[in-house]
Amino acid sequence: MKKNNWRRFFGFVLALVLMLTCVPVTGLAETGEIKNDSQLTVEFAGGDGTIDNPYQIETAEQMNAIRNDLSAHYILANDIDLSEFESWEPIGNENSAFSGTFDGADYTISNMFISNYFRYIGLFGYADSASSIKNVSLVNVKIFVSAADVDSHLACGVLAGGDAGTISQITTEGEIDLQFDHNVDCGGIVGNGSPSYSISRVDISVNSNDTVNSGGISGTGHPTYCINYGNIHTITENYLQTGGISGHTAENIFYCVNYGNVCGYVSNCSGDSTGHNHCNVGGIVGWSLADEVSYCVNFGDIYAEGHGISGGYTTIDGTAGGIVGVNGYKNSGGTHVRHSSEIANCYNLSDNITGIAYITENDKTAQYSSQAGRICGLNCWALSDNGSLKKTLVNGIEPGQTGETTSNGENMSIAEIRVAVQPILEAVNAEWTFVDDSSVSGTCGEKLTWVLEDGILTISGTGKMFDYGSENLPWIEYTNEMMEASNGTYEATAP
């Protein structure tokens, strides 16, 4: 080949290479052929990534591109559908955490599905203390992860697996189902973290062979001003702390409301170095080392069941509390040290609280050790101004010892407790959902009837009321249950 021809050939090759390398990768991304590529460059809908002018996100592709700049600032400008991702890869991890800000601007992210194992699982994997995530709803979320033979801890939440930053104004809805061999922290919003002003409607199921902390909001953390509607079911062969709001906390929890049922089951546990097997379940928190848990309300049923292998240890716990399962003790060098944790101004409205324990898994006649209470299951030494519905059963019976400083709280009628919890419900934007199935009724005139239901007396019909006098009214024996008398629908005639 002549020299000029060689020059033309190499010139053509060089031009071809330059042309290919100059093709924008955004064009490739739009074809949908590239997913979760850390080198992918995506043009955002606006902004420059600064805190004053955050990147604007309008598509799932742009949402996915957050992982390319974990310290930038982002804001949603549209609802996002993540259904195109076969299994979403969490944004950020323990080695490269999200440290920016994310403002959902009250938009919704839907249809996130995760089936692959990561150390931190959620929309975000791990976010550090500099981060802020707020104002977003995540709906129709499904996290189904089964990971055997993984020698690591797992932290999982719909929003984030772990978040050491600020989390506020988050709403989640969906399902989490984890099958795992080792330690698990799992929450409806975050595995490890402390959201505020947030709501979860996530049903959680965890099955592990090791320690589990699970909660409606956080697996481990101290949520405030939060509401949980999801049911929580946890099974393990070791330690278990599970609560309607948080599984375990070392800091204060206040103004939280749980509506979900909370169940914990420990099987075949050989105990820890002090000979203890723990199954700790609470309507608000499973195990509290906080200085205080206050102004909280539980509507859900609580169930804790612990089993152990006979011999080799001293205590098998099946501990259940309407507010806190276990209150206070912390482990210091293999010794349990008392920590004075206060429970104050909290109220329980569950139907049943059950805490039971057995020596062996199959022999349910050998009950060993159980603690259960309407307010607190175990270590209930710093309680004040707490109350519970009188009708709440503890291990199938109405407890004998009651009072505002006892583990069972002050006996309260429906009307009394409704008045007491109203300021708490209003503070977190929660609703009174209790349904009283024990309404009473009767007649009080030839064409008049009365009904006392959910603390409200209603008189209906027309005509004249019978002359009972002030002490013979037919509903007089139920006046402790009355919160108010409605105007009714009757027309009274003058005597």
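Modeller: Two strands count as paired if DSSP finds at least two bridges between them, and helices (H or I, at least four residues) and strands (E, at least two) are DSSP runs numbered from the N terminus. This is a predicted model, in which local features need pLDDT of at least 70 and side-chain atom pairs count only at pLDDT 80 or more, while totals for chains, interfaces and linings use all residues. Residues are numbered from 1 along each chain as its sequence is written, and side-chain values use heavy atoms, with hydrogens and water left out.

Biologist: How many helices and how many strands are there in the protein?

Modeller: The protein has 495 residues, and 49% of them are buried (under 20% relative accessible area with a 1.4 Å probe and protein chains only; exposed is over 50%, partly exposed in between). Counted over the protein, the elements come to four helices and 45 strands.

Biologist: In the open sheet of eight strands, which are the edge strands?

Modeller: The order of this open sheet is β7-β10-β13-β16-β20-β25-β30-β37, with parallel pairing. An edge strand here pairs on one side only, and that description fits β7 (124-127) and β37 (376-378).

Biologist: Which residue in β20 stands opposite Ser-218?

Modeller: Strand β16 covers residues 218-220 and strand β20 covers residues 246-249, and the two pair in the parallel sense over two bridges. Opposite Ser-218 in β20 stands Ser-246.

Biologist: Which cysteines form a disulfide, and is it left-handed or right-handed?

Modeller: A search of the whole structure finds one disulfide (a pair of cysteine sulfur atoms within 2.5 Å). The partners are Cys-376 and Cys-380, whose sulfur atoms lie 2.4 Å apart. Because the torsion about the S-S bond of Cys-376 and Cys-380 is about -90°, this disulfide is left-handed.

Biologist: Is Cys-380 buried, partly exposed or exposed?

Modeller: Its partner Cys-376 is buried, with a relative accessible area of 0%. For Cys-380 the relative accessibility is 23%, so this residue counts as partly exposed.

Biologist: Why is Cys-263 not bonded to Cys-279, and how far apart are their sulfur atoms?

Modeller: Cys-263 is buried, its relative accessible area being 18%. The closest cysteine sulfur to that of Cys-263 is in Cys-279, and it is too far for a bond because the distance is 7.8 Å.

Biologist: Which residue holds the cysteine sulfur closest to that of Cys-296?

Modeller: Cys-296 counts as buried, at 0% relative accessibility. At 4.7 Å, too far for a bond, the closest cysteine sulfur belongs to Cys-346.
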